[in-house]
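Thank you all for coming; I would like to walk you through one chain this morning, slowly and piece by piece. Please have the sequence and the model open while I talk.

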Amino acid sequence: MKLSLLKKHFALILVLSIIIGLFNPFFAVAESTNVISELAEQNIFELYKVYTRGGQIEKSRMTDNSHPYHAYVLAKTGETVTNWVYEGISFEDKLLGKMDETINDSSLDKKDVLYVADLYLAAFEMEYQEKDALLSIIKEWHLDGVFLDGAYEQFSNVSVYDVLVKTGAIEELDVNEIIDYILSLQQDNGNFSGDMYFSDLMITTEAVRVLKSLAEITEYGKANVDTAIAEAIKWIQGLIKEDGSFIVSDWDEPITNTAEVIKTLNALGYDLNEWKHPDTNKGPADYMLSRSDYSNQNVRTNVWALEAYHLLGAQSQNNEKTPNPGDGSENQTPTEVSIYVVITGKYGQLFSGYVDLSTSDLYGKTPLGALHKTGLSYDYDTISFIHTIAGEKNEGLSGWMYRVNGTAPTKSANNYILSDGDQLEWFYSTDQTSLAGELGLEPTRDENVKYELPHVIQKSANWLLQQNDFDLYDTFSDWDVLALSRSRNEVPDRYKTILISHVHQHSGVLRNVTDYARIILALRSIGEDASNVGGYDLYQLMLEHEGMLDQGINGPAYALIALESSEYDNDMLMTWNRKSLLDLILDQQNYDGSYSLSINKTVAGDIDITAIVLQSLAPFKDQREVRRVVEKALSWLETQTPTNCESLAQMIIALTMLEEDILDSRFSVNNITLLDQLMQYQNDDGGFGHELGENSDHIATQQALMALTAYHRFVEDEPTFFDMQDVTLNNTPLENDQLEDSLEERLKQVKLTDENQVSTWALEWVKKAVAYGLMSGVSQEELRFDPLRELTRAEFTALMTKTLEADLLTSSNVNYRDVQPGSWYYEHVMSASERGWVSGVGSNEFAPQKTITRQEMAVVLKKALQLELLEDELSKKPVDIHIAAPWATTGVEAVYQQRLMVGDGQRFMPVDTVTREMAAVIMVKLYEAQLQE
């Protein structure tokens, strides 16, 4: 009887599946509904974590925070965000606030059209009344078939049209103009990037969906539209990889691209079964089903993947992770249990203390729920298999395990139910055949014994010493010297030689106040007097600098730190002095106690800047007015949660200089002290990553080493980090006998192992680039220049910022999805982008690893140097100027006229790639021009 009933149920399910497949062949691939639904739930949970851990809604779709498009996709899948709460504000309320703010913003910039469109899309899907007002704004901005007009603006325009297609509002615009505009973007290969040298899948899929929708409401240009769609589809289908994913270039994200293809095929009514790789028979659905690592993806990937799984048939599981309103849970009193938790990593204890768990908490009363409550970061392959805690990852047979009351349960961490008073330990086991390590469940607050600070400090110093041989000068050298010398590590003597050479080359004139302050601190830390460096008084030059406020509060703060680190007492004779700097800093505090980089009290506070200002105020903390400002700033810092290594480091340095204990619970998060948090960023090689789990980064390691040294000095009751009274000052001036050799002498010392590969016309320039320290070899073992290697966009950008001595930014409003903090080129790209020297290649991408062309280099040079076309030489153009892209023509002409780039005779060769030897010529010309100024 039971078997017969089971067969009937199975037969019914089979019939329904066949019917669904017949009526909509697109969904014929959705056989693994449970798997698809589980994958969708993973992405929903990742989006849930993003909001509930940060509470931010940003404008860019590429953001690491929440975004209106997320809300749209979640609503589309049936997920509610009413109970997604951060600091008492739900995602829904925050989103409504953003909508009202946008509607009432009289200064709204049309460049935000995609953000406004995404707000409108969310309001439409969630049936908010704000949708009409948002749509009105969008319609007012539409002129002549586009919203924005300029280079690469098509990536915003087409995305907005795609949004309007989703809501049906596209019909309210001039659809004929839109068709003409989109068709004008199509290239010979079928893609819609609008650039003959660059192909992009996302704008192509969006364009296809828009054209398909418009073809259903107008006959205008129908033949051209049908042809364009067919050519685009042919191009897209040719991109399929063996695993079923879609990639145009190496920097593409296959999940996002594949999701776009699935969305497009759905819109066209195509059968996914017909889209398979000919050799492997795998298609986009197969690829999406094979993914299981969404905790390691960026937020944008989570959103696009969720859209794809929804189209593939994901079913809502009414997930308890995001409680649904109206289920009665709000009227129930959840039962609570108190659990004592110890988490022990590879190098020591990461957490110890009590957490309270409730049935309404994320993961409920389980070991996984307790881990979540500690506040430590964690990731998983599936919910039950934790592979990373606090940046420490499973490796081989070593990895994370848990036990309760000394016994390892047989249930997974999200299924074992804890009882009140249980003692739970998560620990990193080096042998999975035994429960290695002692439980150590006696609560302790003696955090001072957790880390062998001298060992940790030395390990970090060794990493820095491996990164810098001090043969060439750059800004890293000064910070390295400061970090190494204050941690009692020896600094190579050649540092002084290259530094004096640098100062002498520039006749003592440096670009920024912080350049002087940084060098003063580095020299004082090794006992040298910065008041006479080859005859230049760096203190005076710093205090007389016309641009004291050019870097916001950073200039005055570091100038004051530099002054207080030394015995310099002539400052009262200068334009700026201790008193005027102190008065300015005190006056610039925000009303909430914080400080921002800007000299403007209306700009939101920043953790790093506030900490740096506190470092500058520390020597004056006993003054009544200073104390009031310091206490207010500390109160603000107590409410902040640092999210990267550098912010933690700056806080620790500030607190130790103020003689505040960094283990104080005021600055802890869920009993995790600042020191614990900082140590989570250290890698096995001794360096520190910018963010948790990232590879070691130079800047992060510098600042972490300074912070650890500052805390060690605090523990040992030694002078604070910037108090150099424990360093004996050498009163002998750094005279000319230590100055650089002549250029001729240095050129003689440049011996390239691959000199025979350098073109004759470039050899002298290449040697000069090395002698000046603008470029170096490509090998640690020998001076090999590799002259013919093509230069990437990231490499050229770094060369520009270094040669033009641009101040490097550690953060920026610019957001490229393929330029992440921690990458070696991040600060260079951000700095150049903020200055308008460089821009992305579309879809919020920078393409850092893409080779740079001569016409791209010309455009960057024109922008960076602010070159104008010479009226009396307008006739001087290369004979192949017609080959240059329209957006590059003016740049090519400008650098050609200025003889910065001349090409081969009268040919400029705009689309040729740039080699290292070509770049050497340009960089030396720029550098020598600066010397002459």
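Just after helix α26 comes D717, a residue whose phi is positive, near 60°. I should say at once that we are looking at a predicted model, and everything I quote was computed from it. D717 takes this positive phi of about 60° although it is not a glycine, and its place is in the loop between α26 and α27, the latter covering residues 743-749. Is D717 buried or exposed? With a relative accessibility of 72%, where exposed means over 50%, D717 counts as exposed.

The chain offers another residue other than glycine with a positive phi, namely A847, where the value is near 60°. A847 lies in the loop between α30, residues 826-834, and α31, residues 854-865. Here the relative accessible area is 0%, so A847 is buried.

Let me go back to helix α26 itself, which runs over residues 698-715 and has 18 residues. From its first C-alpha to its last, α26 reaches 26 Å, close to the 26 Å expected at 1.5 Å a residue. In an α-helix there are 3.6 residues a turn, so residues three or four places apart point the same way. In the case of α26, 16 of the 18 residues are buried, and the helix is thus mostly covered. Its N-terminal end is capped by D697, which has a side-chain oxygen 3.1 Å from the backbone nitrogen of I699.

A residue from another helix brings us back to this part of the chain: R486, which lies in helix α16, residues 475-486. Which residues is R486 in contact with, once its neighbours within four places in sequence are left aside? Among them are T709 and R713, whose numbers fall within the 698-715 range of α26, and the list also includes P719, T720, F721, D723, M724, D726 and V727. Two of these deserve a closer description, since the side chain of R486 reaches the backbone oxygen of T720 at 3.0 Å and also makes a polar contact with the side chain of D726, at 3.1 Å. R486 is buried, with a relative accessible area of 1%.

Now I would like to turn to the strands. Four of them form an open sheet in the order β4-β3-β9-β8, and the pairing in this sheet is mixed. The strands β4 and β8, the latter being residues 399-404, stand at the edges with a single partner strand each, so one side of each is left without a neighbour in the sheet. From one strand to the next, the twist averages 20°.

Strands of a sheet pair through backbone hydrogen bonds, in either the parallel or the antiparallel sense. Strand β3, residues 336-344, pairs with β4 in the antiparallel sense over nine bridges, and within that pairing I343 has F351 as its bridge partner in β4. On the other hand, β3 and strand β9, residues 423-429, run parallel and are joined by five bridges, with L424 in β9 as the bridge partner of V341. The hairpin of β3 and β4 has four residues between the strands, and there G348 takes a positive phi near 145°.

Why can we call β4 largely enclosed by the rest of the structure? The reason is that eight of the ten residues of this strand, residues 349-358, are buried, even though β4 stands at an edge of the sheet. Helix α14, residues 367-374, lies across β3, β4, β8 and β9, and runs at about 115° to β4.

One further strand residue is H387, which has its place in β6, residues 385-389. H387 is buried, its relative accessible area being 11%, and its C-alpha atom is separated by 9.5 Å from that of M401, a residue 14 places away along the chain.

Let me end with the chain as a whole, which has 33 helices and nine strands. Buried residues make up 55% of its 933 residues, and the chain exposes about 40,600 Å², of which carbon and sulfur atoms supply 47%. Of the contacts with a separation of 6 or more, 69% are between residues 24 or more positions apart.

Definitions and conventions. Residues numbered from 1 in each chain as written. Predicted model: local features only at pLDDT ≥ 70, side-chain atom pairs only at ≥ 80, totals over all residues. Heavy atoms only, no water. Buried < 20%, exposed > 50% of the residue type's maximum accessible area, 1.4 Å probe, protein only. Helix = DSSP H or I, 4+ residues; strand = E, 2+ residues; numbered from the N terminus. Pairing = 2+ DSSP bridges. Expected span 1.5 Å × (residues − 1). Polar contact = N/O pair within 3.5 Å; in protein donor to acceptor, adjacent residues only side chain to side chain. Contact = heavy atoms within 4.5 Å. Areas by Shrake-Rupley, 256 points an atom, 1.4 Å probe, with all protein chains shown as cover. Axes fitted to C-alpha atoms, helices over the stretch in contact; angles between N-to-C directions.
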